[in-house]
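Please look at the sequence and the structure below, and keep both in view while reading the paragraphs that follow. They go from single residues to helices and to the ways in which helices pack against each other.

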Amino acid sequence: LPAIPFDLTTKNKTLLRQLESDRPRAKLLFLPEQLMAEVAKDLERGRVRFVEAQVAIAIDILLALPLRPQNLNRLNWRHNFSEPNGPRGQLRLHIAAPDTKTKRRDIDSEVPDDVARRLRWYRRQILPRLGADANGFLFVTRKGDRKGQATLTVQIINALTRQLGIHMTPHQFRHFG
């Protein structure tokens with residue numbers, strides 16, 4: 001039998017049309033870097049803008065490796081990341097098959113260097129200020145506990161709406177590329 005044609009929903013088509021132009025696409029692609037620069041500047045003044053830092057890291061990861069929101073939310077340095085060439089070398093992300101939606105295949109991918117650099121900075125500079133384990137979960141509350149998926153999703157949506165004027169969910173990054 002012929003394959004069933006895959007078609008995006010109207011909502012996803014509308015989003016992708018908004019991101020066809022160079023300006024909004026560039027704003028999205030450079031948003032993590034912009035947010036982290038603002039976070040770093042405020043950190044020098046003694047203010048920890050951890051939500052902005054987490055949103056930047058989440059968007060960075062989603063742009064490079066379009067994970068499902070439940071996998072993004074559960075990322076844990078000790079369990080999901082490896083540095084085969086040391087802390088300044090390649091960074092790899094691994095999610096075991098049982099932790100994926102289909103439970104069939106592992107997710108194993110190299111993290112792009114610029115994303116790895118921001119992720120390592122976040123891990124060294126932000127997580128300890130929240131009392132969080134730098135080798136534990138990436139997305140934590142002010143008290144250092146793992147952040148809920150719904151909370152992280154809303155924070156990402158709100159940041160994208162505020163910064164870019166578009167409504168985009170973490171799941172929709174899977175269609176962007």
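D42 is a residue of helix α2, and in this predicted model it is worth asking whether D42 is buried or exposed. With a relative accessible area of 9%, D42 counts as buried, because buried means under 20% relative accessible area. When its neighbours within four places in sequence are left aside, D42 is in contact with R47 and R49.

The helix that carries D42 also packs against other helices, and α6 is one of them. Helix α6 covers residues 113-125, which makes 13 residues, and from its first C-alpha to its last it reaches 18 Å, close to the 18 Å expected at 1.5 Å a residue. Its buried residues are V115, A116, R118, L119, R120, W121, Y122 and R123, and these pack against the helices α2 (22-44), α3 (50-64) and α5 (77-80) as well as against the strands β1 (81-82), β2 (91-95) and β3 (107-111).

How do α2 and α6 lie with respect to each other? Their axes come within 12 Å and cross at roughly 30°, and because angles under 35 degrees count as roughly parallel, α2 and α6 are described as roughly parallel to each other. The contact is made by P32, E33, M36, V39, A40 and L43 on the side of α2, and by R118, W121, Y122 and Q125 on the side of α6. Sorted by class, this contact of α2 with α6 has seven nonpolar, one polar and two charged residues. The crossing in which α2 passes α6 is left-handed.

A second partner of α6 is α3, and here the axes come within 10 Å and cross at roughly 150°. Angles over 145 degrees count as roughly antiparallel, and therefore α3 and α6 are roughly antiparallel to each other. As α3 passes α6, the crossing is left-handed. From α3, the residues A53, Q54, I57, D60, I61 and A64 take part, and they meet V115, R118, L119 and Y122 in α6. By class, the contact of α3 with α6 has seven nonpolar, one polar and two charged residues.

One of the α3 residues in that contact, I61, deserves a closer look. I61 has its place in helix α3, and with a relative accessible area of 4% it is buried. Which residues does I61 touch, if residues up to four places away in sequence are not counted? They are P66, L67, L72, L75, V115, L138 and F139, and V115 among them is also one of the buried residues of α6. Between the C-alpha atoms of I61 and A150, which are 89 residues apart along the chain, the separation is 17 Å.

Helix α7, to which the reader may turn next, is made up of residues 149-164. With 16 residues, α7 reaches 22 Å from its first C-alpha to its last, close to the 22 Å expected at 1.5 Å a residue. The buried residues of α7 are L152, T153, Q155, I156, I157, A159, L160 and L164, and what covers them includes α2, α3 and α4 (69-73). Just after the helix comes G165, which takes a positive phi of about 75°.

The packing of α2 with α7 is at an angle of about 105°, with the two axes 11 Å apart. Because angles of 65 to 115 degrees count as roughly perpendicular, α2 is roughly perpendicular to α7. K27, L28, L31, Q34 and L35 of α2 make this contact with L160, Q163 and L164 of α7. Counted by class, the contact of α2 with α7 has five nonpolar, two polar and one charged residues.

Finally, the loop between β2 and β3 holds K103, and D99 has its place in that loop as well. Most residues other than glycine have a negative phi. K103, a residue other than glycine, has a positive phi, near 60°. With a relative accessible area of 54%, K103 is exposed, whereas D99, at 47%, is partly exposed. D99 and N71 are 28 residues apart in sequence, and in space they are 7.5 Å apart, C-alpha to C-alpha.

Technical notes:
Residues numbered from 1 in each chain as written. Predicted model: local features only at pLDDT ≥ 70, side-chain atom pairs only at ≥ 80, totals over all residues. Heavy atoms only, no water. Helix = DSSP H or I, 4+ residues; strand = E, 2+ residues; numbered from the N terminus. Expected span 1.5 Å × (residues − 1). Buried < 20%, exposed > 50% of the residue type's maximum accessible area, 1.4 Å probe, protein only. Contact = heavy atoms within 4.5 Å. Axes fitted to C-alpha atoms, helices over the stretch in contact; angles between N-to-C directions. Left-handed = near helix turned anticlockwise from the far one by under 90°. Nonpolar A, V, L, I, M, F, W, Y, C, P; charged D, E, K, R; others polar.
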